[in-house]
Amino acid sequence: MITKKIFGNPIATYAVTKNVPETRELKYFSLETTKGTLRFTCNLTPKELVYGLGETMGRVNKRGGRYISFNTDTADHTDSNPSLYASHNLLLFPDRGFGVFFDTPGKVTFEIDYKNSGMVLVLCETENLTLYQMENDNIYALNREFLAAIGAAYLPPLWAFGYGQSRFGYKCEADFLEVADRYQKAGIPLDYICMDIDYMDRYIDFTVHPQRFPDLKAFVDTMKARGIRLVPIVDAGIKVEPGNPVYEEGVKNNHFCRNKDGGLFQAGVWPGMTHFPDFLRPETRKWFGEQYRFYTERGIEGFWNDMNEPAIFYSEYTKGPRKLGFVLDILFPKARKAKKERDLIRDYQSFYHQVDGKSVCHYDVHNLYGANMTRASSEGLETLMNKRFLLFSRSSYIGAGRYGGIWTGDNSSTWEHLKLNLRHMASVNMCGFLYSGADTGGFMGNCSRELLLRWLAVSVFTPLMRNHSSMGTRNQEAYQFGDPEAFRSIISLRYRLLPYLYSEYMKAALGNDLFIKPLSYLFPKDEKVRHIEDQLMVGCSIMMTPIIEEGKVERTVYVPEFMTMVHYDGKDFTCTPCQPGEMTIHAELNEVVFFIRENRLVPIGKPITNSREVDFENLQLLGDGRRYALYADDGTSRECSLEKVIILEKNFSK
Ligand code: MIG
């Protein structure tokens, strides 16, 4: 059961799309109101779990942490950093059977048993809020009810489940050709290559560098003929430059955010001074979405949206050292941080949106910016294309999962961030972001061969499987680490699992389900799974059990019910029935071990090197179940429905 309680006069966030009955009753929390704030508190029982908050630091169980919803461009992914790129204000209380969504686009601070306080504090910097209150003893069912209320998740094309390569630093056709050639030569599957900002003419959106890509359409066609799609980045700010048609049109038709005095707000980002499109206006979303014609006309079918917190390097208000923002970020991250936070707040307080004809300060609706960029892009692409497209964004707010996926931003090549990737996947799925993934191998820092292989073995199970790294770091493509055999082996698993991953994703998105979930959702009575965060359910059949410690080829796995252990070595799947309880698994760097639930099956395809070869007809069924409900289609058409599910039967000889 979901009800909502309205405080003041909240701005529509469009997070929840379903009609929810209103109540006057405040459940679960006590409230203190002061001018400009709503302060909610509730006591925790000593051992209870607290889930939610999507893309934040901390663990899946959020106890012990302080988290601030205030979308921030930050590479500091440590527990001392309270804000990442997203605001997902959902809290779930599995042990007491309730959940609360604090739907407000401004800053919200969550302290959850912080410093052992024994309580939850939620401080909203506003008097206007829609509070969604949910009740169900079964937290998995409650979470699904929430997903139904925020609307069906984004449906990517089949090729978006292939493996992608990216790097901040690829510049020209030759760079992309080299990646494609070397993957092909190494015999490692590849479906797309991301184009980072250097493909553009001086970082101007909806342009392409004339020398680096003399004929983008022809190049896109050549690559597509090889089964490789190009996926360009699109940043939030539009360069201030007379002669730039998008800039001129945007100024003329009032599409940019304004200063208090009515002038256009300017912020320094990659292209230099830019204006920020007012994505909160429907007219501006439509206009911005139409700009994607530049790419779709050239045959492009996938995009990533960046810098949409929005990130600001410097502005008219905060000149000085921040001109060197990016360099400073790398050299003196700490020194810059303190200054940057103050400056950014000043920036965000200084510009305005038009919401239903009223001028609204950006600071008060800050967390909606990226989500509305995603919405603009997605709705535009829907009118421009007659098939499904790939779209993922850095910044987000709950509800944006209807329009596209997310990636978790600038992580580092560390074992800690590999673990963080797992935690994020569980938490962002709770918030309706089914299509998600981290920068595989890590963005900052130098990735080792071992770390990349183990990270790939995790990303095999995440919908977005993209290897991405920053310029200045060691080359991180799978062919850069000597003998490619182990990489071929791990990535081949992704392709053999494509029928399963695609089918499970589509069923989840169309059926208001999570794609990745914690074990406790499925084994709520099992005390032992409560704190397991390094084993996750992927779809309805698979439990992933990755090795995420350096130098280890073994780990302990807790098997909560009778399961089938599957050991993959790049060629064969060896299945072993397992009793419930603890056991040790063994996987060398070229191997993956996962488990299949009792009475379930996993369809496995033939070895392939590209998603266009997926064959939904010749499947092998692993596991001890009798039937598998397979969702299959042509991978691109928009007519997706659960009616396409067909039942596969396993012929048994016991
Ligand atoms: O200021 O486009 O998170 O993935 O490679 C950095 C360059 C801007 C941040 C993104 C990262 C991307 C990079 N971008």
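**Figure 1. Strands β23 and β25 pair in the parallel sense.** This is a predicted model. Strand β23 covers residues 390-393, and strand β25 covers residues 405-407. Two bridges hold the pairing. Look for Ser 393: it stands opposite Ile 406 in β25.

**Figure 2. Nine strands form an open sheet with parallel pairing.** Here the pair from Figure 1 appears in its wider setting. The strands follow the order β26-β25-β23-β19-β14-β13-β12-β28-β27. Trace that order and you meet β25 and β23 side by side. Which strands are at the edges? They are β26, residues 436-437, and β27, residues 439-440. Each edge strand pairs on one side only.

**Figure 3. Four strands make an open sheet with antiparallel pairing.** The order here is β15-β18-β17-β20. β15 (238-239) and β20 (314-315) stand at the edges. Each has a single partner strand, so one side of each is left without a neighbour in the sheet.

**Figure 4. Strand β15 runs antiparallel to strand β18.** Zoom in on one edge of the four-stranded sheet. Strand β18 spans residues 272-275, and two bridges join β15 to it. Lys 239 faces this partner: the residue opposite is Thr 274 in β18.

**Figure 5. Helix α5 has buried residues that pack against other elements.** The helix runs from residue 282 to residue 290. Its buried residues are Thr 284, Arg 285, Trp 287, Phe 288 and Gly 289. What do they pack against? Two of the elements are strands: β14 (229-235) and β15. The others are helices: α4 (245-252) and α10 (369-384). Both strands have appeared in earlier views. β14 belongs to the nine-stranded sheet, while β15 is an edge strand of the four-stranded one.

**Figure 6. Glu 125 sits in the loop between β10 and β11.** β10 covers residues 119-124, and β11 covers residues 129-135. Is Glu 125 buried or partly exposed? Its relative accessible area is 33%, so Glu 125 counts as partly exposed. Now check its contacts, leaving aside neighbours within four places in sequence. Glu 125 is in contact with Gly 36, Thr 37, Lys 107 and Tyr 363. Val 20 is 105 residues away along the chain. The C-alpha atoms of Glu 125 and Val 20 are separated by 24 Å.

**Figure 7. Thr 130 is a buried residue in strand β11.** This strand follows the loop that holds Glu 125. Thr 130 has 10% relative accessibility; buried means under 20%, so Thr 130 qualifies. Which residues does Thr 130 touch, not counting those up to four places away in sequence? One group is Lys 4, Lys 5, Ile 6 and Pro 10. The other is Phe 101, Phe 102 and Asp 103.

**Figure 8. The whole protein has 15 helices and 40 strands.** Its radius of gyration is 24 Å, close to the 26 Å that the globule rule gives for 654 residues, so the protein is as compact as a globular protein of that length. The C-alpha trace spans about 80 × 60 × 50 Å along its principal axes. Of the 654 residues, 64% count as buried. Among contacts with a separation of 6 or more, 73% involve residues 24 or more positions apart. The protein exposes about 24000 Å², and carbon and sulfur atoms supply 49% of that area. Charge comes from 78 positive and 81 negative side chains. The centres of these two sets lie 2 Å apart.

Technical notes:
Residues numbered from 1 in each chain as written. Predicted model: local features only at pLDDT ≥ 70, side-chain atom pairs only at ≥ 80, totals over all residues. Heavy atoms only, no water. Rg over C-alpha atoms; globule rule 2.2 N^0.38 Å. Buried < 20%, exposed > 50% of the residue type's maximum accessible area, 1.4 Å probe, protein only. Contact = heavy atoms within 4.5 Å. Areas by Shrake-Rupley, 256 points an atom, 1.4 Å probe, with all protein chains shown as cover. Lys, Arg positive; Asp, Glu negative; His and termini not counted. Charge placed at Lys NZ, Arg CZ, Asp CG, Glu CD. Pairing = 2+ DSSP bridges.
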